[in-house]
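Please work through the exercises below with the coordinates open, trying each task before reading its solution.

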Amino acid sequence: MVARLVIAAPSSGAGKTTVATGLMAAFAGRGLAVSPHKVGPDYIDPGYHALATGRPGRNLDAYMCGTGLIAPLFEHGARGCDLAVVEGVMGLYDGAADQGELASTAQVAKLLKAPVVLVVDASSQSRSVAALVHGFASWDPEVRIGGVILNKVATDRHEHLLREALGESGVPVLGVLRRAPAVATPSRHLGLVPVAERQAQAVEAVAAQAEQVRQGCDLDALMALARSAPPLHDEAWDPAFAGRLTAGGWVVPTLPQTSSGGTPTAPAGRMPTTRPVVAVAGGAAFTFSYAEHAELLTAAGADVVTFDPLREEALPEGTSGLVIGGGFPEMYGAELSANEPLRKAVAELAASGAPIAAECAGLLYLARSLDGTPMCGVLDADARMSERLTLGYRDAVAVSDSSLAATGTRMRGHEFHRTVIEPGAGPNAAWGLRQPERRVEGFVQQGVHASYVHTHWAGAPEAAVRFVEHCAKGPAA
């Protein structure tokens, strides 16, 4: 059993990331193996979590992966750890729009049977904090709020008033944090600035967060609360098992069991006999990825090699397929454009028909231009920054056969960008979206699948298997 805590808040901006990251770093500093997790589709916070713990930050997204995979994915990431800290998303009870509690922090806490620590921004209240905490603690009796951490407390007098009020609530105060500019992390148009763009400063910020938590929180009480979580009885998710099942023709949203409760034997599948090289874009411009994607590609038979389009002028040797995830190419447009040898190599790979999976930032990189700056020119489209934020979950259906999905395949994803691309879809679109409005978007041409929609392949492992199979067949496929 892994001890575990969910760090939640009444709303965004209360300090969840500061507290969660600080707790991770403080407990890791005690010599514990700490497993970091994040509710929802966020890519940036897990980078800070990884810095704090030395382990991959992993997402738990009930919308994209399904509720049945939350506990197995958690068990997979937390295997062998002493403690898991799960940072929530938005307010405790906020989830996917018009979907009730789906994908909310509260739902994930219930699926993990984990106690919740509520982080409250106390900067503009005193006795009212008790009413707020009472409301959150009593709203859903299945959600166990085991304690409160008060953030942005101004003075000793302010702390006294808050503690006195909460003394009547029955919810213990497990920490009090003063306002501290040193722990702040800079933000821009899509949230926090990623670790990869400010490595030295990020290290300093995480160290400051850990020290603030050590000084202001009762770590022993928090650990006791984490250890009070009951055992989970779910099988840990296994990328090799998920891939084999899919390769054999099963689409598995959860790990199945036989009537006797055991795990069924996976069919042999159609695993490739050679291991194609799949290049994955990384570095400061392409920081958005889920750890499970590389694990699924590897399990499906590929050798995954990460490269940095800002630094390297050639694709990894023997590249058979290319994955370009999300990130901030708009911040590095000049540098990406200046790397002409790599842009030419990517265009040549696309022209050969090799599989290329590009999401959001990858879509922009494959475009003809970004804010007037030349990109790879794979797509007959131009991208630019926009004042409008496009944000939300997407229910998508593949409208063209591609290296990722057969026509008619349904997947769930997420959009998060302040750019637009014109046209928004090619002659062969990637996805038909059902909500919030019906439209087609993205591009499928030869082996390229390019779209604004981020997907989580743990919820659709057949995508990784199909991609590797196309890589193994070669460009002629």
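The exercises that follow concern a predicted model, and each task is followed by a stepwise solution.

**Exercise 1.** Determine how helix α2 and helix α8 are oriented where their axes come within 10 Å.

*Solution.* Begin with the axes of α2, which spans residues 45-53, and α8, which spans residues 199-216; they cross at roughly 70 degrees. Angles of 65 to 115 degrees count as roughly perpendicular, and α2 and α8 are therefore roughly perpendicular to each other. The handedness of the crossing of α2 and α8 is then found to be right-handed. On the α2 side the contact is made by Tyr-48, Leu-51 and Ala-52, while α8 contributes Gln-199, Ala-202, Val-203 and Val-206. Sorted by class, the contact of α2 with α8 comprises six nonpolar residues and one polar residue, with no charged residues.

**Exercise 2.** Describe the surroundings of Ala-84, a residue of strand β4.

*Solution.* First, locate Ala-84 within β4, which covers residues 83-87. Next, consider its relative accessible area, which is 0%; since buried means under 20%, Ala-84 is buried. Then look along the chain: Arg-4 is 80 residues apart from Ala-84, yet the C-alpha atoms of the two are separated by 4.6 Å. Finally, leaving aside residues up to four places away in sequence, Ala-84 touches Val-2, Ala-3, Arg-4 and Leu-5, together with Ser-35, His-37, Phe-74 and Ala-78.

**Exercise 3.** How many disulfides does a search of the whole structure find, and is Cys-217 buried or exposed?

*Solution.* The search, run over the whole structure, finds zero disulfides. Turning to accessibility, Cys-217 has a relative accessible area of 8% and is buried; Cys-471, with 3%, is buried as well.

Notes. Residues numbered from 1 in each chain as written. Predicted model: local features only at pLDDT ≥ 70, side-chain atom pairs only at ≥ 80, totals over all residues. Heavy atoms only, no water. Axes fitted to C-alpha atoms, helices over the stretch in contact; angles between N-to-C directions. Helix = DSSP H or I, 4+ residues; strand = E, 2+ residues; numbered from the N terminus. Parallel < 35°, antiparallel > 145°, perpendicular 65-115°, else oblique. Left-handed = near helix turned anticlockwise from the far one by under 90°. Contact = heavy atoms within 4.5 Å. Nonpolar A, V, L, I, M, F, W, Y, C, P; charged D, E, K, R; others polar. Disulfide = S-S within 2.5 Å. Buried < 20%, exposed > 50% of the residue type's maximum accessible area, 1.4 Å probe, protein only.
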